[in-house]
Amino acid sequence: MFVAPVAVAAACAAGLGSGCSKKVSPLPDGPSHSVRGQIEGLPVAGDARTFLRIHHEEIPGWAYEDGRTGMAAMVMPFPIDPGVSLEGIAVGDTVAFVVKQTPSTQPPWVITSITKLPAGTVLDFSGRGEPR
Ligand SMILES: [Cu+2]
């Protein structure tokens, strides 16, 4: 799911803006979410096609382009902000992290902070992502 090209195309079709052929004005960032999860895989250093993979708990406020909210617990890839260090984080660790929905990465979300939780932290992967 990537909303940006659709929104830009719609703006161009409506005749908005003069730079539609080349220049794309940046879309605003979406919401940030505080989430817990377990590390399933680490990105390969120097390979931008690989991502941190996390089994995350439900994210009730996750926003979709059609206005729905809420993401169930699942394993998914996460781009990492260049300023975020993964030092000391290993597969199997439980973590707390902040993920921001943004059109500036692909997939369109990015981890802006991450911290390791104490060993033995029990996570709940039963959440279906219903909004609260
Ligand atoms: Cu997910």
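Along strand E6 (strands, E, being DSSP runs of at least two residues, numbered from the N terminus), the side chains alternate: Val95, Phe97, Val99 and Gln101 point to one face and are buried, whereas Thr94, Ala96, Val98 and Lys100 point to the other and are not. A residue is buried if 20 or more other C-beta atoms, placed from the backbone, lie within 10 Å of its own. This is a predicted model, in which local features need pLDDT of at least 70 and side-chain atom pairs count only at pLDDT 80 or more, while totals for chains, interfaces and linings use all residues. Residues are numbered from 1 along each chain as its sequence is written.

**Strand pairing**
- E1 and E6 run antiparallel and are joined by 7 bridges, with pairing requiring at least two DSSP bridges between the strands; valine 35 stands opposite phenylalanine 97 in E6.
- E6 also pairs with E7 in the antiparallel sense over 7 bridges, and valine 110 in E7 is the bridge partner of lysine 100.

**Nonpolar core**
- The largest nonpolar core (buried Ala, Val, Leu, Ile, Met, Phe, Trp, Tyr and Cys residues joined through C-beta atoms within 7 Å) has 15 residues, and those with the most contacts inside it are Phe78, Phe97, Val99 and Ile111.
- Strands E1 (32-41), E2 (52-56), E3 (59-63), E6 (94-101) and E7 (109-116) each supply at least two residues of this core, and the largest share, 4 residues, comes from E7.
- Leaving aside neighbours within four places in sequence, isoleucine 111 is in contact (C-beta atoms, placed from the backbone, within 7 Å) with residues including Leu52, Phe78, Ile80 and Phe97.

**Loop between E6 and E7**
- Proline 107 has its place in the loop between E6 and E7, and a cis peptide bond, with omega about 0°, joins glutamine 106 to proline 107.
- Most peptide bonds are trans.

Key
A residue is buried if 20 or more other C-beta atoms lie within 10 Å of its own, exposed if 12 or fewer, and partly exposed in between; C-beta atoms are placed from the backbone. Two residues are in contact if their C-beta atoms, placed from the backbone, lie within 7 Å.
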